[in-house]
Every structure is written in structure tokens, then in C-alpha cells.
Amino acid sequence: MILLSNLSNGGFPLLGRKLCRTSLSAFLGILLLTGCSQEERPEGQAVDQTVERASHHYKTQRTYRSLEEVVTQLHKGMDRAVVEKLLGKADYSPIAGQEYYSSERRERVLHGKKEMQVPVGLIIDYRDEQGRVTKRLQMFQLGRIGE
């Protein structure tokens with residue numbers, strides 16, 4: 001009877017109020033988490049699109065800025081085909097297993113008494129510690145390119 005009198009006055013039993021508050025809190029928590037996880041996906045996709053744009057821009061324009069963006073995706077052990085997909089064809093290969101990817105950026109260097117401008121770009125090396133050419137990225141470095 002006490003239960004009925006509480007309900008007839010517009011109230012809820014104490015247990016019902018706690019349960020209602022708990023359910024509401026849980027619902028809001030789930031709603032918040034769902035909203036957050038859905039916002040993370042487009043950001044992840046935006047990163048992929050950014051890299052794709054940088055890759056395309058580097059392959060067509062050879063800009064240093066786009067090369068820097070693409071380099072963020074490289075890691076030791078990466079398959080050569082994936083590296084080549086991101087960077088395109090190398091500009092120069094001084095020896096088997098080493099490739100140079102240049103950019104529009106130039107730096108001045110002193111060569112003896114003569115000042116020269118050398119390209120700045122990416123040096124990729126597929127050679128292992130014994131000097132054997134592999135199909136995996138072994139080393140990469142952004143910097144001046146020259147012999």
C-alpha cells in the first residue's frame with residue numbers, strides 16, 4: 001500500500017528513483033561514447049586522405065612539404081611496393097638498393113671554394129646490414145642528396 005500511495009502522489013519508490021537515475025546516467029554515458037567514437041572515424045579517414053593527397057602531390061609536383069607528409073607513413077620493414085606506391089618512381093639510384101627522391105627544395109653548400117645548390121629530398125635504402133638488396137625498407141632519411 002505504501003508503494004501505491006507514493007505512486008498516486010506522483011512520486012516513485014526510493015529504489016525506483018535510484019534505478020531511474022542510474023539508467024539515465026548509463027544511457028547518457030553510452031550516447032556520449034557512441035558520439036565520440038563516430039567522430040574519430042572521420043578524423044582517421046581525413047589522415048588517410050591527407051596522405052593520399054600528399055602522395056599524389058609529391059608524385060606530380062615534387063614538393064618538399066608533400067614529401068615530408070608522405071615520410072610520416074614510412075617505417076623500417078615496409079614492403080618496397082608500398083613505398084613505391086606512396087612515392088612513385090625514384091629520381092635516381094646510385095647503387096642497387098638505394099634510391100633518391102628529390103624535391104623542389106635546394107640548399108646551398110660549399111664544395112671547395114665553389115658554392116653549389118644541392119637538392120633536398122629522401123634517401124631510401126633497401127639493403128640489409130650485409131649489403132644485400134631486400135624487398136623491405138631498411139633505412140630512410142630526409143636531407144641533402146649528393147654524392
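Read from the N terminus onwards, the protein follows the order α-α-α-α-β-β-β-β, with four helices and four strands in total. The model is a predicted one. Of its 147 residues, 27% count as buried. The accessible surface amounts to about 10900 Å², and carbon and sulfur atoms account for 56% of that area. Among contacts between residues at least 6 apart in sequence, 49% join residues that are at least 24 apart.

The strands are linked by antiparallel pairings. Strand β1 (residues 92-95) pairs with strand β2 (residues 98-111) in the antiparallel sense, over two bridges. The hairpin formed by β1 and β2 has two residues between the strands, and G97 adopts a positive phi near 95 degrees there. Strands β2 and β3 are also antiparallel and pair over eleven bridges. Two residues again separate the strands in the hairpin of β2 and β3, where G112 has a positive phi near 70 degrees. Within this pairing, V109 has M116 of β3 as its bridge partner, while Y101 is bridged to L122 of β3. Strands β3 and β4 run antiparallel and are joined by six bridges; here D125 stands opposite M139 of β4.

The pairing of β1 with β2 also brings an aromatic contact into view. Y92 lies in β1 and stands opposite Y100 in β2. The structure holds one aromatic pair. The ring centres of Y92 and Y100 are 5.7 Å apart and the ring planes meet at 50 degrees, so the pair is classed as tilted; the tilted class lies between stacked pairs, with planes under 30 degrees apart, and edge-to-face pairs, with planes over 60 degrees apart. The two residues are not equally covered: Y92 is partly exposed, with a relative accessible area of 42%, whereas Y100 is buried, with a relative accessible area of 9%. With respect to β3, the C-alpha atom of Y92 is separated by 9.8 Å from that of I123, a residue 31 positions away along the chain.

Strand β2 also contains S103. The relative accessibility of S103 is 3%, and the residue is therefore counted as buried, the limit for that class being under 20%. A polar atom of the S103 side chain lies 3.2 Å from the backbone nitrogen of R105. Beyond residues up to four places away in sequence, S103 touches R62, T63, Y64, L67, V120 and G121. One of these contacts, Y64, also takes part in an arrangement with R105: R105 lies over the face of Y64, at 4.4 Å from the ring centre. S103 and Y64 are thus in contact with each other, and R105 is linked to S103 through its backbone nitrogen and placed over the ring of Y64.

A further arginine is placed over a tyrosine ring elsewhere in the model. R80 lies over the face of Y126, at a distance of 4.2 Å from the ring centre.

The loop between β3 (114-125) and β4 (139-144) contains D128. The side chain of D128 reaches the backbone nitrogen of R132 at 2.9 Å. When neighbours within four places in sequence are left aside, D128 is in contact with T134 and Q138. The connection between β3 and β4 therefore includes a residue, D128, with a side-chain approach to the backbone of R132 and contacts to T134 and Q138.

Notes
Residues numbered from 1 in each chain as written. Predicted model: local features only at pLDDT ≥ 70, side-chain atom pairs only at ≥ 80, totals over all residues. Heavy atoms only, no water. Polar contact = N/O pair within 3.5 Å; in protein donor to acceptor, adjacent residues only side chain to side chain. Contact = heavy atoms within 4.5 Å. Buried < 20%, exposed > 50% of the residue type's maximum accessible area, 1.4 Å probe, protein only. Areas by Shrake-Rupley, 256 points an atom, 1.4 Å probe, with all protein chains shown as cover. Phe/Tyr/Trp six-rings, centres within 6.5 Å; stacked < 30°, edge-to-face > 60°. Lys NZ or Arg CZ within 6 Å of the ring centre and 35° of its normal. Pairing = 2+ DSSP bridges.
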